[in-house]
Every structure is written in structure tokens, then in C-alpha cells.
Amino acid sequence: MPDSSQKHQRREHGLMLALVSPALLVILLLIVLPVGWLAWQSIYHDGFTLENYRRIFTEDIYWRSFALTFEISLAVTVLALLLGYPVAYLANAVPKGWSIVILALVVLPFWTSVLVRAYAWLALLQRTGVINQLLRYLDMIGEPLALVHNTFGTVVATVHILLPFMVLPLYATMQKIPADLMQAGASLGASPSLTFVRVFLPLSLPGVLAGCTMVFVLCLGFYITPELLGGGRTVMVSMLVSRNVELYNQFGAASAVAVVLLVSVLLIFVAVSRFISLDRMLGQK
Amino acid sequence: MTTKRHFGFGYALLGGSLGLFATTGIAAAAEQITFVSQGGAYQQAQTVAILDPSAKKLGITINQDSIPDAWPAIKTQVGSGKPIWDVVDTPTGYCLRGGEQGLIEKLDFSKMPNAAAMPEAYRSPYSVSYEFYSSVLAYSQKTFPKDAPNSWVDFWDVKKFPGRRALRNHPIATLEAALMADGVAPEKLYPLDVDRAFKKLEEIKPHITVWWTSGAQSAQLLNDGEVDMEMAWNGRVSAVAKEGAKVSFTYNQGILQSTSLCILKGAPNLETAVKFLNEAVNPVHQANLPLNIDYGPGNPKAFETGVIKPERAAQLPSEPANAAKQALMSYAWWSSPAGEAAEKRWASFMQK
């Protein structure tokens, strides 16, 4: 009996493999091969060379870009958490009908392209933009504020674009926290704020970690937003990659930067997966 | 990041597969070339003014392709040993750099009388000037209804001309402007004193609101009133002015730049490409270009054809009187080792 069940299992595995093979092939052709080619380019140019990597670790413009990218990503993540947590909490606390409305409002911007949203922020934040005009009309400022073409504008727009990636995992986690636990806390005499801090908050932490990881990692690779709203000074790592190709035509250098970025992202995932399973983070279970 | 990193690889694949088509199709086809330009209104204008008339006159077929930045593609195509393009219209510097790196054919001017008759400064062993544009000082007429800034010295003078400024996020033309702001005469710019230029740029850097990266962006900045003055390409400024924006520019101390035609090394239709190059700089075709778009002809003889009316000519960057006010960019210097070093230095200047 165990023999035949093993055989059955093996057959099932074989069938599954056959079923996913087209998808695996696509992934191999479109992701694994190009990324491998990319990594190869970074170490091979008329012979083996580590020159491209040496430059990243010794020249300070690369360091500055990596530092700036991590700073911006951190700021964006913290802001997205501060803004996203109450939204997710609200969506979880209100009756079903309302939570659908709230979630729809969160997801709606997904259907607008990143480029359009970046330009929308430009229209809002620039010198003659809606916000500056309004503030001047209300006599709150004399000179228009520099809200865009700097790191500030970049962070604002990036938070807006990435907010859904924070809210959705948070909401998914909060949904699974049994309401009974809060009632139990209340019945034992805890105030609402104490039940929140002692019961709800700790149970929602996996969602916080998942949301923060998603936002942080996605932000590391942002390109269009800093390019359009950064005023040329906010040089994130992705822009280094494009400049290396466009301006200096050095595919090797660009590849090396991309590889370092890719490896940092993988390391972050590995580190996070020690605390929370990746399946869960990507919303599987 | 993702779009850029797959770019070269995609091209290699594309080049390979299209190369296959080219070899199978060649025997049956009449004389033809593949011509590559930068797309948009510009490519449309040259199709009407130059490409269609040339094809008709020579009895050849001109297949068109377009790409905003041809350089990486040139490198991959020629590198793969099977280029699919013949002639490219690209900033002159790329033709020169490509020539030095063995990516671009050396031209035989004895087969191109029209090109041979052009001034020597307008051609190189690898390229022929095709059209001219200029990096000019543009400003808002709302901010400066009178006494507008009229030179790079004025642009650098933040006390006399207060306001927000923008420059291109690229060293080409920007270093020239900085040196002119520091008192270097337009005809004495080259070889560029790079140290002096960057030092002068440090001076204006705190006053630059935006370092723009695309021509469309530069036009937008001026149109929206986000900046009061900037370096911009003349065609972009006149385009927004035509739409009613209160903006203007001066050719004084402009930096006259060109795109050139050059032929890919080992081009599939080399002989036809040479014939086309000659025809493309024919003064009459060239004179038709500014009737369709705000760029100047690459061949100055176009101004002698009578096709361009004097009032139109006065608006064009390469019209002799306008050209005399400007600095002619030396692409030879920019593609020299010193030029390449200056380009690399730009990145660290921006991030400091």
C-alpha cells in the first residue's frame, strides 16, 4: 500500500511539473537568462574583470546614490506605514460594505499609470501648482514653496504610489485577528487603547513587516518618479544604471550596479523570511 | 531599472532575427536602405522635406525606423556583425566616436559632391551635418517684460536677474555656456578648460531649480512658469511660444549643434547609402526642411536656393547672421579622451 501511494505521489508530481513547465520556460527565457546575461556582462569585458565592482565600492558617487536610495526608501516606508496603518485599521473595523469602499479607494490608483500619477503630483506641487496657488491665495505664504524638483517631491509621490502595497497586506493580516480577543481583553477590564497595544498591535506585526518589506524593496528600484520629480539631483540607483547606459554607454558598469541592487534586495528577502514566511508575505496564506 | 537592463539584450535578439530576414529578402529587392532617425514631428518633417523627394529622385526605397537614442543600438548591431540599419541621423558626436571605435564607415567624399561642397567644419571623415539646432538662453517674458537676460553672463548674474533657473543635466553645451559666462569668447572655447567650466558651474549650481533630462521637460518648465530662464533647444522654445506661452530666447551665445548622417560599418546596402547621403544634403531638399520644422539646414547652400524666405531664415539657428552670434560645437573635442573624461566628471559634479 505505501508503495502504490508513493507511486501515485510521484505521478502527481510529474504531472504538476508538466503543467507548470510552460510557465517555467517563460520565466527561464524572460527572467533567468537576461539576468544571467546581465551578471555576466558585469564581470566579463575582453576577459574577466572586477573593475566594475571595484568602482562601485570605491567611488563615492556610487556610495552616495546607494545611501540616498536607502534613505529615501526608509522614509517612504515609514511614511507609508504611518498613513497606511490607520487606513487598514479603519477598513477592518467598519462594516463590510464600507470596507469595500475604502479598499476600492486604495486600489483605484493602481489603474492609473505611474507616469500619469507623477505628472499629477507635478501639477499639484510645482511653483504655479494647485497647492502653492492655494497657499498664496490664502495669504499663508509670500514666496512659493519649493515642493517639487527635490527629494521632498520624490518622497511624496513615491509614498502615494506605494501606499496600496502597505495597506493591502496590513488589511489581510488584520482580518485574521479574531474579534473575540479584543472582546476578551475588554471583559477583563482593559481600556480600548490597552487592548490595542497589548493584543491587536502585536498580532498585526506580521502584516507590518510584510507591508514594509514590499514598500521598501519596490522603492529601491524606483526610476520614473525620481527622474521626473527629483529635479536632477535626486539620483537613485536605478538612475545610475540608466545613466551608465545612456550617457557613458557602459553596459558593464550598469550591469554591476543592477547586480548589487538585486543582491541587496535578495538579502533583504532572506533576512525577512527568517521572521515571516515569504508565502505569507506575498499574501498566500 | 528593468527596462534599461534588457535593452541591449533585446536588441541583440532583434538584430539576430531581423538579420535573418534581411539576408533572405535581399536578392529580390530593388535598391533600398534603412534610415533611422529620432521619430516624432522631426522625422515626419524630414520625411516630407528630404526622404520622400530623395527616394523618388534616386529611384530607391527608404525604409524608416526610429529610436530616441541610436547609440546603444549602433553598438550592439555592429558588434553582432550583422547590422540591419544603413544610415542613421544622430548627434554628430556619436558618428565621430563610432568612427573611432570602428562602428561607422569612413566616407568617400569624391562620391558625394553635395557633401564635399559643404564647409569643412560641417563634416568629418565619418559624417555630414544634416540639420542644425541650438542650445539657447530662453526666458519667460512674464518675468522679464523688458531687459531680458541676453548672455550667459546675465544667466549667471543672479542679482541683476533674479529668478529660478534650469540647465540640462548633461555636460554637452552646458560647459560651453559656463565658459562663456566666465568671459571666454565663443570662437576660443576649444579645447575646453574643463576645470574652469566646472568651477563656474559650482557658482550657479545653488540657483538651479531643475536639471532637466528631456527636451519636452525643458519646454514644460518654461511653459508652466516653473523656471524663469533656462538653457533649452531653440525648436522647443519656439514650439511653446507658438502655442501662446509668453516665452522667448536669444541666439546670442547660443551653442550651435548638429545631428549628422553617418553609415553603419558593414551596412547591408552600403552603395545605396552613399548615394542617399549625397542626395540628403542636396541644397534644395535641405531648404525644404525648415519649411516643415524649426531646425536649420545642415548645408548652408540651402539659404542660397531662394526656397527659404528671408523672414523665415532669420528665425533659423544656422542662418549665417544667427550662426555668427553663436559658438559652433566641436564634436571632435567632445569625442576626444578629454571630452569623454569631462562627460564622466559630470555625474560626480551633479551628486556633490
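Let's start with one residue, B:Trp334. B:Trp334 is buried, because its relative accessible area is 2% and the cut-off for buried is under 20%. Keep in mind that this is a predicted model.

Now the neighbour in sequence. B:Trp333 is buried too, at a relative accessible area of 9%. I'll come back to this pair in a moment, after another one.

Step back to the aromatic rings in general. How many aromatic pairs does the structure hold over all chains? The total is 26. Take B:Phe155 and B:Trp156 as one example. Their ring centres are 5.6 Å apart, and their planes meet at 55°, so this pair is tilted. B:Phe155 counts as buried, with 0% relative accessibility. B:Trp156 is buried as well, with a relative accessible area of 9%.

Back to B:Trp333 and B:Trp334. Here the ring centres lie 4.9 Å apart. The planes stand at 80°, so we call this pair edge-to-face. The cut-off for that class is over 60 degrees.

Chain A has rings to show as well. Ring pairs join A:Tyr85, A:Tyr89, A:Phe196 and A:Phe200 into a cluster.

Next, charges over rings. Back in chain B, look at B:Phe155 again. B:Arg165 lies over the face of that ring, 5.5 Å from the ring centre. There is another case at B:Phe349. The charged end of B:Lys205 sits over the ring of B:Phe349, at 4.6 Å from the centre.

Now a residue in a loop. Where does B:Ile104 lie? Find the loop between α4 (92–100) and α5 (113–116) of chain B; B:Ile104 is there. Is B:Ile104 buried or exposed? It is buried, with a relative accessible area of 1%. What does B:Ile104 touch, leaving aside neighbours within four places in sequence? Its contacts include B:Ile74, B:Cys95, B:Gly98 and B:Gly99. B:Tyr126 is on the list too, and so is a run from B:Cys262 through B:Ile263 and B:Leu264 to B:Lys265. One more distance for orientation. B:Val281 is 177 residues from B:Ile104 in sequence, and their C-alpha atoms are 19 Å apart in space.

One of those contacts, B:Ile74, takes us to helix α3 of chain B. B:Ile74 is among the buried residues of α3(B). The others are B:Trp71, B:Pro72, B:Ala73, B:Gln77 and B:Val78. An α-helix has 3.6 residues a turn, so residues three or four places apart point the same way. Just after α3(B) comes B:Gly81, with a positive phi of about 85°.

On to the interface between the chains. 34 residues of chain B are in contact with 36 residues of chain A. Together the two chains bury about 3200 Å² between them. Of that area, 54% is on carbon and sulfur atoms. How many salt bridges are counted between chain B and chain A? The count is one. A:Arg127 forms a salt bridge with B:Asp228, and the closest N and O atoms are 2.9 Å apart. Polar contacts come to twelve residue pairs between the chains, with both residues at pLDDT 80 or more.

Which elements give two or more residues to the side of chain B that touches chain A? They are α1 (2–25), α3 (71–79), β7 (208–212), α9 (215–223) and α16 (337–351) of chain B. The one that gives the most is α16(B), with seven residues.

Let's pick a residue from α9 of chain B. B:Leu221 has its place in that helix. B:Leu221 counts as buried, at 4% relative accessibility. Not counting residues up to four places away in sequence, B:Leu221 touches A:His149 in chain A. On the chain B side, it touches B:Ala166, B:Val210, B:Trp212, B:Glu226, B:Val227 and B:Glu230. B:Leu221 and B:Ala166 are 55 residues apart along the chain, with their C-alpha atoms separated by 8.3 Å.

Last stop, chain A. A:Asn150 lies in the loop between α6 (130–137) and α7 (151–175) of chain A. A:Asn150 counts as buried, because its relative accessibility is 19% and the cut-off is under 20%. Now its side chain. A polar atom there lies 3.0 Å from the backbone oxygen of A:Ala146. The side chain of A:Asn150 also reaches the backbone nitrogen of A:Gly153, at 3.0 Å. Beyond four places in sequence, A:Asn150 touches A:Leu229, A:Gly230, A:Gly231 and A:Thr234.

Terms used: Residues numbered from 1 in each chain as written. Chains lettered and ligands numbered in written order. Predicted model: local features only at pLDDT ≥ 70, side-chain atom pairs only at ≥ 80, totals over all residues. Heavy atoms only, no water. Phe/Tyr/Trp six-rings, centres within 6.5 Å; stacked < 30°, edge-to-face > 60°. Buried < 20%, exposed > 50% of the residue type's maximum accessible area, 1.4 Å probe, protein only. Lys NZ or Arg CZ within 6 Å of the ring centre and 35° of its normal. Helix = DSSP H or I, 4+ residues; strand = E, 2+ residues; numbered from the N terminus. Contact = heavy atoms within 4.5 Å. Buried area = accessible area lost by both parts, 1.4 Å probe. Salt bridge = Lys/Arg side-chain N within 4 Å of Asp/Glu carboxyl O. Polar contact = N/O pair within 3.5 Å; in protein donor to acceptor, adjacent residues only side chain to side chain.
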